[in-house]
Amino acid sequence: MKKLIAKISIPFLCLALSSSLYANEKVYKFTMATTWGETVSPLFDTAQNMADMANKMSNGRIEIKIDSANKHKAPLGILDMVKGGQYDMGHSASYYWKGKDINTLPFTSMPFGLTSPEQYAWFYRGGGMELMKKVYDKHGVLSFPGGSTGVQMGGWFKKEINTLEDLKGLKMRIPGFAGEIMAKLGVQVTNLAPGELYTSLERGTIDALEWVGPSMDIGMGFHKIAPYYYTGWHEPASEMHFIINTKKFEKLPDDLKEIMLNAIRLSAYDMYIQNYDMNATAWQQMKAEYPNIQIKTLPKAIMDEMKKVNKELRNEMGAKNPLLKEVLDSQDAYMKKVREWTIISDYLYLKDNL
Ligand code: CA
């Protein structure tokens with residue numbers, strides 16, 4: 001009997017003790033704004049996953065309330081809102097703020113840059129996190145990788161692209177730095193709201209557009225009206241970001257800080273996997289429903305020209321912004337080391353097993 005009591009009472013005592021401890025524990029409440037609407041999968045899911053994990057791992061001591069873009073109406077203003085304290089946290093992508101601070105640009109993805117595994121290795125083992133801290137410190141915000149889309153597709157084209165001439169006057173939606181490269185090649189770059197993309201492509205207001213990849217393109221329906229699906233070059237590893245107001249984060253006790261950081265890191269990993277699976281599934285579905293879709297790669301002459309322009313634009317930006325140059329140089333140096341290994345491992349494995 002004594003033995004039985006000992007067996008029951010110790011775990012029971014621990015449980016009673018721990019629940020009474022937590023009952024008196026302070027609850028830390030955070031608000032998070034996302035760039036995405038609630039139905040945008042897997043982007044919004046990642047923010048939700050992070051919040052749920054932090055809540056469970058902390059036994060309810062962290063509560064994160066998420067407002068999607070439908071609520072706060074400022075999808076591209078997340079940095080400003082977290083900096084100014086309207087929200088404690090955000091889930092977005094660093095390159096959306098390049099107009100406010102050009103140094104934030106390379107933490108999402110650069111044309112012809114690192115792939116997702118390479119970029120994660122750069123963030124966590126190759127000095128990327130330190131550089132990101134240096135850039136974000138002056139905004140009073142902490143920034144962390146928040147999930148990768150992997151290699152994004154180069155986009156949907158109504159006509160095949162064979163020569164540099166074919167790009168002249170082509171009307172394409174391709175935002176950001178990649179758009180600047182395309183513009184130098186004679187493309188008429190336009191930026192349209194996501195809701196206008198399908199109709200614009202259908203009616204011929206634009207001839208081509210890029211969005212993400214099969215996982216997110218399928219819902220937009222572009223494959224129904226533009227048969228040429230070009231492979232990627234411009235966003236080989238687009239990384240989302242969780243940002244947190246530094247002062248707010250510093251108020252957390254050490255164990256909760258650790259929980260927040262782990263929830264961020266794990267939800268980022270989950271997104272990479274979720275999106276990889278969604279891409280594979282969506283591609284099979286597109287191919288089955290629209291067998292006329294053709295996967296194309298831009299010809300070498302065009303790629304070479306884009307690489308040349310890419311280098312020129314990067315040099316121009318770097319010359320004006322020493323910190324940007326430091327980040328770009330760090331990525332370049334890391335690429336020199338890591339790419340050789342990617343080729344020896346993944347590339348040759350795939351090439352020899354086709
Ligand atoms: Ca894109």
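Start with the whole chain in a cartoon view, where 13 helices and eleven strands can be picked out; both are DSSP runs numbered from the N terminus, a helix being H or I over at least four residues and a strand being E over at least two. What you have open is a predicted model, in which local features need pLDDT of at least 70 and side-chain atom pairs count only at pLDDT 80 or more, while totals for chains, interfaces and linings use all residues. Residues are numbered from 1 along each chain as its sequence is written, and side-chain values use heavy atoms, with hydrogens and water left out.

Zoom out for the overall dimensions: along its principal axes the C-alpha trace spans about 85 × 50 × 45 Å. Of the 354 residues of the chain, 47% count as buried, where buried means under 20% relative accessible area, exposed means over 50% and partly exposed lies in between, with a 1.4 Å probe and protein chains only.

Next, select helix 13, residues 322-351, together with helix 5, residues 116-125. These two helices pack at an angle of about 125°, and their axes are 10 Å apart; the axes are lines fitted to C-alpha atoms over the stretch in contact, and angles run from 0 to 180 degrees between N-to-C directions. That angle makes helix 5 oblique to helix 13, since angles under 35 degrees count as roughly parallel, over 145 as roughly antiparallel, 65 to 115 as roughly perpendicular and the rest as oblique. The crossing of helix 5 and helix 13 is right-handed, a term used if the near helix is turned clockwise from the far one by less than a right angle, with anticlockwise giving left-handed.

Stay on helix 13 and show the side chains of Lys-325 and Asp-329, which meet in a salt bridge at 2.7 Å, N to O; a salt bridge here is a side-chain nitrogen of Lys or Arg within 4 Å of a carboxyl oxygen of Asp or Glu. Because Asp-329 and Lys-325 are four residues apart in helix 13, they are separated by about one helical turn. Asp-329 is partly exposed at 35% relative accessibility, and Lys-325 is partly exposed as well, at 41%.

Then select Trp-341, Ile-343, Ile-344, Tyr-347 and Leu-348, which make a nonpolar surface patch of about 520 Å². Patches are made of residues with over 30% relative accessible area and no salt bridge, like charges being joined within 9 Å and nonpolar side chains (Val, Leu, Ile, Met, Phe, Trp, Tyr) within 5 Å; the areas come from the Shrake-Rupley method with a 1.4 Å probe, and for residues only the protein chains shown count as cover. Within this patch, Tyr-347 is partly exposed, at 47% relative accessibility.

Move on to Lys-351 and Asp-352, whose side chains meet in a salt bridge at 4.0 Å, N to O. Lys-351 is partly exposed at 45%, whereas Asp-352 is exposed at 55%.

The structure holds 22 salt bridges, and further examples lie elsewhere. Select Asp-67 and Lys-71, where the closest N and O atoms are 3.8 Å apart; Asp-67 is buried at 9% relative accessibility, whereas Lys-71 is exposed at 56%. Another selection to make is Glu-25, Arg-61 and Asp-255, which are linked in a network of salt bridges.

Finish at Tyr-276 in helix 11, residues 254-289, which is exposed at 59% relative accessibility. A distance drawn from Tyr-276 to Leu-170, C-alpha to C-alpha, comes to 31 Å, with their positions 106 residues apart in sequence.
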